[in-house]
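Please open the structure in your viewer and keep the selection panel at hand. The tour below moves from one selection to the next and says what is there at each stop.

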Amino acid sequence: MALALEGSQALARTIALCRPQVVAAYPITPQTHIVEGIAKLVADGKLDCEMVSVESEHSAASVALGAAVAGSRAYTASASQGILLMAEVLFDIAGLRIPLVMTCANRALSGPLNIWNDQQDSMAVRDAGWIQLYCATNQEAIDTTVQAFRIAERCELPVMVCVDGFTLTHTLEPLDLPSAEQVDGYLPAYRFHHGLDPADPRSLGTLVAPEHFSEVRHAHHQALLRAQTEIEKADSDWAEVVGRHCGGLLEVRGDPEARLGILTLGSVLGTLEDAMDNDPSLPRARFIKLRSYRPFPTEALREACEGLDTLIVLERALSPGAGGIVGPEVQTALIEMEVPPRVHNFAAGLGGRDLSLDLYRQLVDAVLGENQRKGFSIIDADPTLLPEADR
Amino acid sequence: MNEQPLQSLDALRAQQPRFRGLESGHRACQGCGEALAARLATEAAGPDVVIANATGCLEVFTTPWPQSAWRLPWIHSVFGNVAAVAAGMEAALKQQGRATQVLAFAGDGGTFDIGFQALSGMMERGHNVLFICFDNEAYMNTGVQRSGSTPHAAMTTTSPPGAVRMGKRHMKKDILSIIAAHHIPYAATASVAYPSDLRNKVRRAMDTEGASFLQIHSPCPLGWGHDGSLTIEVARLAVQTGLFPIIEMERGELIGTLPIRDPKPVSEYLKLQNRFRHLFADAYRARKELEHLQAIANRNIERFELRGVGIEKYDTEGADTVHRGGDRWA
């Protein structure tokens, strides 16, 4: 049954359905409503869970880590500066192969201070060794969160569910929450085989010298690559329960016959789809919704790009001094195609800049029009607002 | 008394059912105070514990993969988060309804400096965790750099004495007062020179519900510049001079001290260690710094009323003195 819920409230209730035993969090906009929601469910006796309100994000990730190795399902959530403050621990969680789930309510990074949505935060920890799943809608955020716990625990890898701050977290819309029975049937009780137990004492996080370290990294890399199967299976199994899916590793939408492709991560997809649907005079596009950014679905991506002449990779983050972050990765993945599409790479919607329906036309004009843009650019930036020297 | 055949020491030891959480064969230096303190602490804690260990010597010398000297479940995450990892383990065990207790181990860097925020948060939230700080007064694992715990005037590689410096310019952080301000149920100091006192405090802390804190003075022969055979003597002198007071606190109130029978001049402690060598130069500033350190010791003795009133069973001479025949006190 659909309920009118704010994205964050829906996520809080979904997380409760997953029965975490320990939740640790530190407040940061725009993640706050999620953890406030969980705290209230705990206070009302609706969720039997230790809610640890810590003194920093560094500790939030660390408490979750400790809880998971001591045998409890653990969850945390953060955004922006919080992700960076916990970055050290995020790498450690992944390197130790500890299964836990966190929500990243995507937000820009300082400086200058900006509390609004882009994806620079999760991109900054792209190499931490976590599974990263990006959600296009709040319904996907709900369904992906349930799936994330199963993926994490089956793969013994942490999963970051990336949900665009405000655009999703603070938007009220009709959403379908699964029932407790549906989640319980789908998600078995937490078990971590390498956990800490006095009955079988083991040492975790030891000093690993050069003669073993490369193999540790190799195993981790392979585990992430193998997780692709589990991500797809988690989605298809969940679809059998609730009758809807999130697209597995990626989803091809829009016009499948189009020669123009647009690849996106997160909620911007809806805007582009509406723009295309609203104006039949615009060139048609095939949309590629990249859901699993880590592991990076190279094979699935090649298949999705089959028959494209042009592919626009649109991101909400950048690597200053280089250009896009996802764009070059996509280009590398497609290079072995027989006829790879020409890849254009843009960033847009940084720091919460509104992305209007006109974005679609802007993108199309930039790659198909007479004044084609060369190289990476922030497509919605207006350099004329800057002093001459900074343009 | 019945005549009993003499037995070798090893045979007698084998008959003693003693739990060892930290086995021998690890890679600590000779005379390492921290290794000794960790062994004593885990012996007293017993087998039903889980340990979170901050980055540092203790982590490195006990777990060179694929070896481990721990007979207890143990995790190392990063340098500054040991109290938070322990808090998470405690929250999990509590939620599961298990009685297993949680220990957090850190050096002084992981306690006074980089780990302090997480420690303060853990204590404020009242997690049932015993946090043990193995205080060797500098960053030894990285090669002896000054920490917030390094005593005033001590030489480290980042507080070297020179033409215009006399070692560390700042005071040793009074960590126990800061801990006391959290009003946790139990906080204490101990020294490897007084092992039965140390063990009693571990047991007492573990019998206490809530956060507890134990700071164990643990000499580092390499970093302090003394012979490995002098670890206990150096540690004992730190207590006997008043430079490292042995005290106990409940809810922030002082409840017990180890009285000093005859306070010794600080120079007796300092002169054994190369890190204070520059204070014995024939120079005005060296003499001033010695006076300064003596004043710190005097202040400790006065503040905690450490001066014993006579010969006491549990003072700096009596405690842990073992006499021939096995009698602890003649």
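**Two domains, then two helices**

In this predicted model, begin with chain A, where the C-alpha centres of domain 1 of chain A and domain 2 of chain A lie 28 Å apart. To colour them separately, select 2–242 for domain 1 and 254–390 for domain 2, which are the bounds given by the domain assignment of chain A.

Turn next to the place where these domains touch: 28 residues of domain 1 of chain A are in contact with 21 residues of domain 2 of chain A. On the domain 1 side, select α6 (120–124), β6 (131–134), β7 (159–164) and α9 (210–242) of chain A, the elements that each give two or more residues to the side touching domain 2. Of these, α9(A) gives the most, with five residues. If you colour this side of domain 1 by residue character, you will find 16 nonpolar, nine polar and three charged residues.

Now show chain B as well, and select helix α3 (residues 57–69) of chain A together with helix α4 (residues 82–96) of chain B, whose axes come within 6 Å and cross at roughly 45°. The two helices, α3(A) and α4(B), are therefore oblique to each other, and their crossing is right-handed.

Finally, display side chains at this crossing, where the residues making the contact include Ser59(A), Ser62(A), Leu65(A) and Val69(A) from α3(A), and Ala84(B), Gly88(B), Met89(B) and Ala92(B) from α4(B). Taken over the whole contact of α3(A) with α4(B), the residues divide into twelve nonpolar and four polar, with no charged residue.

Definitions and conventions
Residues numbered from 1 in each chain as written. Chains lettered and ligands numbered in written order. Predicted model: local features only at pLDDT ≥ 70, side-chain atom pairs only at ≥ 80, totals over all residues. Domains from an automatic or database assignment. Contact = placed C-beta atoms within 7 Å. Helix = DSSP H or I, 4+ residues; strand = E, 2+ residues; numbered from the N terminus. Nonpolar A, V, L, I, M, F, W, Y, C, P; charged D, E, K, R; others polar. Axes fitted to C-alpha atoms, helices over the stretch in contact; angles between N-to-C directions. Parallel < 35°, antiparallel > 145°, perpendicular 65-115°, else oblique. Left-handed = near helix turned anticlockwise from the far one by under 90°.
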